[in-house]
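Trainee: Could we go through this structure together? I would like to discuss its interfaces.
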Amino acid sequence: MTYQFDWSVLWTGQSGEWLLQGILTTLGISTLAWLLAAALGTVSGALRTVPFAPLRALATCYVEFFRNVPLLVWMFFWYFAVPPLLPGPLQDWLFNHGAEFWAGMFALGVYHGARFSEMIRSGIQSIPKTQFEAALSTGLTTAQTYRFVIIPIALRLIIPPIANESLNLLKNSSVALTISVTELTFQTRQIETYTARAFEALTAGTVIYLALCLGIATLMTKIERRFALPGMIGRVASAEH
Amino acid sequence: MPYLEITNVTKTYGPVTAVDHISFSVESGEMFTLLGPSGCGKSTTLRLIAGLEQPETGEISARDRVLASAEAKIFIPPEKRGMGMVFQSYAVWPHMTVFENVGYGLKLRGLSRAVIKEKVSHILDLVGLYRLEDRPGTLLSGGQQQRVALARALVFEPEILLLDEPLSNLDAKLREQMRIELKALQQRVGITTIYVTHDQAEAMVLSDRVAVMNGGRIEQLASPSQIYENPQTKFVVDFIGKVNHIPAKVLEIVSGQCVLTATDADQARIECQAVDDIRTGDSVIASIRPQDITIHQAASGTETNVWRCSVKTAAYYGDHMEYQLILGSQIIEAFSSPSVRAKPGEAAFVQLDANSIKLWKS
């Protein structure tokens, strides 16, 4: 093997700055998209179980529409197809203020929101019906029952799959490079182009993604322990005692 | 004046009629029990009263306020009915402590923290959950969880308490203890209570009145003693306690006394009180409870309703014996004091108490 490794390409010139900026953009777009996905997922997941057919139908439409189209297509759609429909001044404003970032964030958020939604629905449906009825007969309205009893229990039950899906969301943020969001993958590609050092650049990207995901996984495990339902997720709870 | 009035209420699930045009009323402060086997419609009736189901016919009203009426298209949702409900599965909210479980409804009603604390402490004392306020609800034992559920239902001082098989998930010993506590609690609070159970002993101990249900209808509605001593239908006889059914034919009826011959028991003679609609020559069923049959190991002087049988099984329960005896192809169950010790295969004499025999047309 004659390849000469040169890891210094990662910190000489502008590389270090690019990588750092890439990490920040990846974290920024992922965090915002995660918040959007969590909000959309919780609301639509809950609506899919309510005793009112039109709301259930609305939530079902959202889920089926967004989860059944590839993420890449949504990225292109929000970036290339939607802005021309907007009024001229708004278009100009958007393209001066990182339209690609917002389009990418939006695509990522609504796509993963549809996937979160299904997890929340399954969490809610795993709760015995009497929990719901006990709340109603205690005088809570249907909305209060969801807000204070059903959703808090469901969210605690689905922390493991949500952790999994959150990692997917972070990794899928790399697709935003296709609409030129300067996130981590975009920046590693840029370093590769400037230095012709593909191995070093992509290794850096790989290691950084791995570190970010392990960090999130650790955080989610802590959250899972903290919010474990006593007597329901027994193994985790008893491991703590 | 009746407190709760159910009039001609029906509920179907697809082809199954769960509750079939039933009517009854519950008095204020009464402990009223719906008793029956699973699928008899008792839980559905309770859920209709709670507002968890909507009736397809009829009306439910409490103190002149219509809660549900199929005809007038009125339906008050469960959270506006002011009823407390306790479920067989406890349904304690797992993400809350005991205190939060009980006090949450009050908090959402906008009561001050001090008032909530006072009410919750009072009700937890009442149900016997001292110093457990801060424990997670689901880390308690079954009996304690059921007390949490009871406290949660009682804390907002509902006008009616609905109990859906609340003791069925507890072990036998705890069930008996809770039965007594529940009765005492109900009397202390004086709350109108509707109790659903399949356990006749529970119904007997707890209730002022019992409605025995079968196939979505009420078979008999009466006090526990009337239900036991004077069952009106064959179903009620069967369901409440153990009973022997003896197929027989009416030989003659003389001055209110009826003489039968037991068709499966070698045509053995039975004498008992006559019933209005039974005539000479009719085929009937004579029912008698095991405790109304006495067993002798030797023939006694009297001959009436005494049969010579052979012992099939004998079971020792400490405080009593349970026998299965056989005559012809008729099997007779009888309870006796432990002093009678007949062994399987031996002969024994059974005496049927004439006044305890009930006759039904077969």
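Mentor: Let us fix one term at the start: contact means heavy atoms within 4.5 Å. Please keep in mind that this is a predicted model.

Trainee: With that term, how many residues of domain 1 of chain B are in contact with domain 2 of chain B?

Mentor: On the domain 1 side of chain B there are 9 residues, and they touch 7 residues of domain 2 of chain B.

Trainee: Where do the two domains of chain B run in the sequence?

Mentor: The domain assignment places domain 1 of chain B at 2–239 and domain 2 of chain B at 244–361. Their C-alpha centres lie 40 Å apart.

Trainee: What area do they bury between them?

Mentor: Domain 1 and domain 2 of chain B bury about 710 Å², with 56% of it on carbon and sulfur atoms. On the domain 1 side, Tyr228(B), Lys234(B) and Val237(B) supply 67% of the area buried against domain 2 of chain B, more than any other three residues.

Trainee: And how many salt bridges and polar contacts are there across that interface?

Mentor: The rule finds 0 salt bridges between the two domains of chain B, but it does find 2 residue pairs in polar contact, both residues at pLDDT 80 or more.

Trainee: Which elements give two or more residues to the domain 1 side?

Mentor: Those are helix 7 (224–229) and helix 8 (234–239) of chain B. Helix 8 of chain B gives the largest share, 3 residues. By class, this side of domain 1 of chain B has 3 nonpolar, 3 polar and 3 charged residues.

Trainee: Changing topic, what area is buried between chain A and chain B?

Mentor: About 2000 Å² is buried there, and carbon and sulfur atoms give 65% of that area. In chain A, Ser137(A), Thr138(A) and Pro230(A) lose the most area to chain B, together 27% of what that side buries. The contact takes 23 residues from chain A and 24 residues from chain B.

Trainee: Which residues form the salt bridge there?

Mentor: Glu133(A) pairs with Arg47(B), and their closest N and O atoms are 2.6 Å apart. The rule finds 1 salt bridge across this interface. There are also 6 residue pairs in polar contact between chain A and chain B, both residues at pLDDT 80 or more.

Trainee: Which helices of chain A supply at least two residues each?

Mentor: Helix 6 (129–137) and helix 7 (142–157) of chain A each do so on the side that touches chain B. Helix 6 of chain A provides the largest share, 8 residues.

Trainee: How do the residues on that side divide by class?

Mentor: The side of chain A that touches chain B has 11 nonpolar, 9 polar and 3 charged residues.

Definitions and conventions. Residues are numbered from 1 along each chain as its sequence is written. Chains are lettered from A and ligands numbered from 1 in the order in which they are written. This is a predicted model: local features need pLDDT of at least 70, side-chain atom pairs count only at pLDDT 80 or more; totals for chains, interfaces and linings use all residues. Side-chain values use heavy atoms; hydrogens and water are left out. Buried area is the accessible area (1.4 Å probe) that two parts lose on being put together, summed over both. A salt bridge is a side-chain nitrogen of Lys or Arg within 4 Å of a carboxyl oxygen of Asp or Glu. A polar contact is a pair of N or O atoms within 3.5 Å; within protein, one must be able to donate a hydrogen and the other to accept it, and residues adjacent in sequence count only if both atoms are side-chain atoms. Helices (H or I, at least four residues) and strands (E, at least two) are DSSP runs, numbered from the N terminus. Ala, Val, Leu, Ile, Met, Phe, Trp, Tyr, Cys and Pro count as nonpolar, Asp, Glu, Lys and Arg as charged, and the others, Gly among them, as polar. Domain bounds come from an automatic or database domain assignment.
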